[in-house]
Amino acid sequence: MWLTKASLFLLAAASFVLADFPYTGPCSDKVCGASGKPCRRGLTCVPWPTFEKSERKGCTCSYM
């Protein structure tokens, strides 16, 4: 039982640390976001939740 609690704590701590780093992956219409999928016709790959590189969490295909 303590092993499960310790594992959950480590997982939570790791996700907190990783969340502090900005997204630096692909953000183009041909390779968009962590999945690396191309945007469908009529969509544009945009960073979210902001265009500021230091505050990016990822990229997604969107109607602009």
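A residue is termed buried under 20% relative accessible area, exposed over 50%, and partly exposed in between. By this scale Cys61, at 28% relative accessibility, counts as partly exposed in the predicted model.

The protein contains one helix and two strands, arranged along the sequence in the pattern α-β-β. Of its 64 residues, 17% are buried. The accessible surface amounts to about 5300 Å², and carbon and sulfur atoms account for 65% of this area. Where contacts link residues at least 6 apart in sequence, 22% of them join residues at least 24 apart.

Three disulfides are present in the structure. When the bonded cysteines are numbered in sequence order, they pair as 1-5, 2-4, 3-6. One disulfide is formed by Cys27 and Cys59, with the sulfur atoms 2.1 Å apart. The link of Cys27 and Cys59 is left-handed, with -110° about the S-S bond. Cys27 is located in the loop between helix H1 (2-19) and E1, and Cys59 in strand E2, so this pair ties together parts that are 32 residues apart in sequence. The two partners fall into separate accessibility classes: Cys27 is partly exposed, with a relative accessible area of 27%, whereas Cys59 is buried, with a relative accessible area of 10%.

Another disulfide connects Cys32 with Cys45, with an S to S distance of 2.1 Å. Here the angle about the S-S bond is 80°, and the link of Cys32 and Cys45 is right-handed. Because Cys32 belongs to the loop between H1 and E1 and Cys45 to strand E1, the pair ties together parts that are 13 residues apart in sequence. Cys32 is buried at 4% relative accessibility, and Cys45 is buried with a relative accessible area of 9%.

The disulfide of Cys39 and Cys61 also has an S to S distance of 2.1 Å. With -90° about the S-S bond, the link of Cys39 and Cys61 is left-handed. Cys39 lies in the loop between H1 and E1 and Cys61 in strand E2, so the parts tied together by this pair are 22 residues apart in sequence. Cys39 counts as buried at 13% relative accessibility, whereas its partner Cys61 is partly exposed at 28%. Beyond its neighbours within four places in sequence, Cys39 contacts Asp29, Cys32, Thr44, Cys45 and Cys61. These contacts of Cys39 thus include both Cys32 and Cys45, which are themselves joined by a disulfide.

In soluble globular proteins, nonpolar side chains tend to be buried together. The largest nonpolar core of the model has six residues, namely Tyr23, Cys32, Cys39, Leu43, Cys45 and Cys59. Cys32 and Cys45, both in this core, are the two partners of one disulfide. Cys39 and Cys59 are likewise core residues; Cys39 is bonded to Cys61 and Cys59 to Cys27.

Two residues that touch Tyr23 are Gly58 and Arg56. Gly58 is found in strand E2 and, at 5% relative accessibility, counts as buried. Apart from residues up to four places away in sequence, Gly58 touches Tyr23, Val46, Pro47 and Trp48. The C-alpha atoms of Gly58 and Val46 are 8.6 Å apart, although the two residues are separated by twelve residues along the chain.

Arg56 is placed in the loop between strand E1 (44-48) and strand E2 (58-62). Arg56 is buried but has no salt bridge. The nearest side chain of opposite charge is that of Glu52, at 8.7 Å, and a salt bridge would require a side-chain nitrogen within 4 Å of a carboxyl oxygen. Residues up to four places away in sequence excluded, Arg56 is in touch with Pro22, Tyr23, Cys27, Pro47, Trp48, Thr50 and Phe51. Among them, Pro47 and Trp48 are also touched by Gly58, and Cys27 is a partner in the disulfide with Cys59.

The loop between E1 and E2 also holds Pro49. Most peptide bonds are trans. The bond from Trp48 to Pro49 is cis, with omega near -5°. Trp48, which precedes this bond, is one of the residues touched by Arg56.

Conventions:
Residues numbered from 1 in each chain as written. Predicted model: local features only at pLDDT ≥ 70, side-chain atom pairs only at ≥ 80, totals over all residues. Heavy atoms only, no water. Core = buried A, V, L, I, M, F, W, Y, C linked by side-chain atoms within 4.5 Å. Buried < 20%, exposed > 50% of the residue type's maximum accessible area, 1.4 Å probe, protein only. Contact = heavy atoms within 4.5 Å. Helix = DSSP H or I, 4+ residues; strand = E, 2+ residues; numbered from the N terminus. Areas by Shrake-Rupley, 256 points an atom, 1.4 Å probe, with all protein chains shown as cover. Lys, Arg positive; Asp, Glu negative; His and termini not counted. Disulfide = S-S within 2.5 Å.
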